[in-house]
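Subject: Handover of the model

Dear colleague,

Please find the structure below, handed over for you to look through at your own pace. My notes on what was found in it follow straight after.

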Amino acid sequence: MKNVWEEAQYNLQKAADTMGLAPEITERLLTPMRFTEFTIPVRMDDGSKKMFTAYRSWHQNATGPTKDGTRVRPGLTPEEIKALSLFMSIKHAVAGIPAGGGKGGIKADPSKLSEGEYERLIRGFMRRLAPKGAFVDVPGADIGTDTRAMAWMLDEYEQMAGFHSPAAVNDKPFGLGGSRGGFEATGWGVAACADRAAGQMGLTKSRVVIQGFGQVGSITAQSLFESGYKIIAVSDVYGAVANAAGLDIPALMKHVESTGKVVGFSGGQAAEAAALLETDCDILIPAAVQDVITEANADKIKAKLIVEAANAPTTPGADEILLKKGKFIVPDVVANCGGAVVCDFERTQGLSNDYWSLEKVREKLQERIVAAFDEAKAKGEECGVPMRQGAWINALSKIRDAINWRGWC
Ligand code: NAD
């Protein structure tokens with residue numbers, strides 16, 4: 001199986017070939033503009049010093065300052081960071097955001113660090129990250145980082161810069177210049193895409209299965225539940241719960257808030273998590289981790305519509321099987337770009353000092369997601385390719401134009 005960076009390069013090359021992208025531009029985009037690996041020395045609570053490996057990938061900045069998350073997890077790889085930075089270039093372009101693609105990370109297990117050690121690690125990352133700043137490279141949160149970590153990053157940056165600059169870091173707490181709706185953004189976007197596609201396929205208010213009930217999965221479920229969809233099964237890393245009549249999502253969210261898992265919810269029956277993706281349903285939303293729909297299970301998927309909330313949940317081989325079977329796939333770069341859109345709103349608010357209501361954020365997000373969905377789908381239809389390639393071609397056309405205008409190729 002290809003690693004996640006090779007898969008991302010494969011998608012890029014495929015779209016580039018279909019649209020006839022100039023080879024020098026393709027070559028330029030197949031490699032990050034800049035990639036760095038650095039070490040962060042951290043004073044541990046017992047007085048010892050420990051070195052942590054960190055990465056940052058700046059995929060391209062023709063379309064604007066590089067932007068996006070900081071992932072902290074023990075098995076982090078440079079390939080993962082490069083792939084995610086390319087995805088961010090594509091997502092920003094798909095959503096019409098004037099930004100390039102960036103991604104960073106630290107190889108560490110936050111659960112094995114004390115709060116003080118974790119804070120020193122995060123501050124150390126920001127100190128050593130270069131270049132950075134609101135008009136250069138704007139880090140945000142990802143797996144293993146949260147609003148608190150982003151507050152430390154912003155504080156570290158502002159202490160070095162000597163002035164306030166809320167737009168230099170994303171995903172901050174609201175009181176430090178963050179945006180309302182940041183937590184909900186990706187889930188709202190996924191639900192908006194699912195609803196848009198379902199409406200066009202005659203599947204409105206139909207049966208939905210969601211893998212993963214964290215930030216994205218739970219908000220997607222809540223939003224679709226509020227719109228009248230029947231969420232018949234959900235899973236998390238511990239197990240699954242199902243109810244053919246539809247789960248009461250607000251009650252399930254309360255259960256998860258108090259127990260930390262979906263299993264044991266009294267409003268449904270325990271189900272087999274391993275077979276969740278194969279459940280008889282209309283809409284399937286993988287919202288957990290990458291590479292869960294593979295050549296081994298693609299053939300058994302019954303949903304007519306698959307909305308990729310997670311990044312890269314479908315392997316290229318599985319993608320081909322699903323398309324042959326007539327399934328419609330809303331690709332990750334469109335389905336989960338809501339978080340990137342609200343990060344862009346956060347930057348706009350930080351630069352203008354004008355902070356929006358939750359309603360305004362949701363309304364503007366909805367507009368942007370629907371436009372991103374429609375553009376990607378229309379481009380796919382125009383080129384006679386699936387929506388995934390349509391989204392990539394649409395994004396690559398915008399990046400190509402920016403590169404050409406700058407005279408880089
Ligand atoms: P999260 O950590 O809040 O939730 C992940 C959920 O998936 C949890 O319920 C966890 O128990 C479950 N899970 C993990 N491994 C699983 C497995 N093997 N089988 C079933 N469930 C499993 O993460 P999140 O922020 O909700 O992100 C989910 C996915 O969406 C990730 O792929 C992430 O990269 C992607 N994504 C997130 C955002 C965002 O704004 N949070 C934006 C874009 C993409």
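A polar contact is here a pair of N or O atoms within 3.5 Å, and with that cut-off in mind the surroundings of the ligand can be read. Please keep in mind throughout that this is a predicted model.

The ligand

By that cut-off, a backbone N or O atom of Q215 makes a polar contact with an oxygen atom of the ligand, at 2.9 Å. F213 likewise places a backbone N or O atom 3.0 Å from a ligand oxygen, and a polar backbone atom of A288 is 3.0 Å from an oxygen atom of the ligand. Of the 830 Å² of accessible area that the ligand has on its own, the protein covers 71%. Helix 7 and strand 7, the latter running over residues 230–236, are the elements that give two or more residues to the shell around the ligand.

In total 18 residues surround the ligand, and F213 and Q215 are listed among the closest, together with T186, V216 and V237. When the residues of this shell are sorted by class, 8 are nonpolar, 8 are polar and 2 are charged.

The second largest pocket and a salt bridge beside it

Helix 7 appears again in the second largest pocket, where helix 6 (185–201), helix 7 (215–226) and helix 12 (358–383) each supply at least two residues of the lining. The volume of this pocket is about 150 Å³, and helix 6 provides the largest share of its lining, with 5 residues. Among the residues that line the pocket are W188, D195 and R196, as well as S223, L224, R362 and Q366. The lining divides into 6 nonpolar, 3 polar and 3 charged residues.

R196, one of these lining residues, also forms a salt bridge with D374, in which the closest N and O atoms are 2.7 Å apart. This pair links distant parts of the chain, since D374 belongs to helix 12 and R196 to helix 6, with their positions 178 residues apart in the numbering. The count for the structure comes to 29 salt bridges.

The cavity

Rolling a probe the size of a water molecule over the atoms shows where empty space is left. A search of the whole structure finds 1 cavity of 30 Å³ or more, and about 130 Å³ of space lies in the largest cavity. It is lined by 15 residues, of which N11, T314, T315, P316 and R388 are the closest to its centre. Helix 1 (4–19), helix 9 (316–324) and helix 13 (387–406) are the elements that give two or more residues to this lining, and the largest share, 5 residues, comes from helix 1. By class, the lining of the largest cavity holds 6 nonpolar, 3 polar and 6 charged residues.

Backbone details

Most residues other than glycine have a negative phi, and most peptide bonds are trans. Two places in the chain may therefore be worth a look when you have the backbone on screen. A130 and P131 are joined by a cis peptide bond, with omega at about -5°, and P131 is found in the loop between helix 4 (115–128) and strand 5 (137–141). D68, which lies in strand 3 (residues 66–73), has a phi near 135°, a positive value in a residue other than glycine.

With best wishes

Terms used
Residues numbered from 1 in each chain as written. Predicted model: local features only at pLDDT ≥ 70, side-chain atom pairs only at ≥ 80, totals over all residues. Heavy atoms only, no water. 1 Å grid on protein atoms, 1.4 Å probe; cavity = no way out; pocket = protein on both sides within 12 Å on 5 of 7 lines; lining within 4 Å. Points joined across faces, edges and corners; volume = space filled by probe spheres on them. Helix = DSSP H or I, 4+ residues; strand = E, 2+ residues; numbered from the N terminus. Nonpolar A, V, L, I, M, F, W, Y, C, P; charged D, E, K, R; others polar. Near = heavy atom within 4 Å. Polar contact = N/O pair within 3.5 Å; in protein donor to acceptor, adjacent residues only side chain to side chain. Areas by Shrake-Rupley, 256 points an atom, 1.4 Å probe, with all protein chains shown as cover. Salt bridge = Lys/Arg side-chain N within 4 Å of Asp/Glu carboxyl O.
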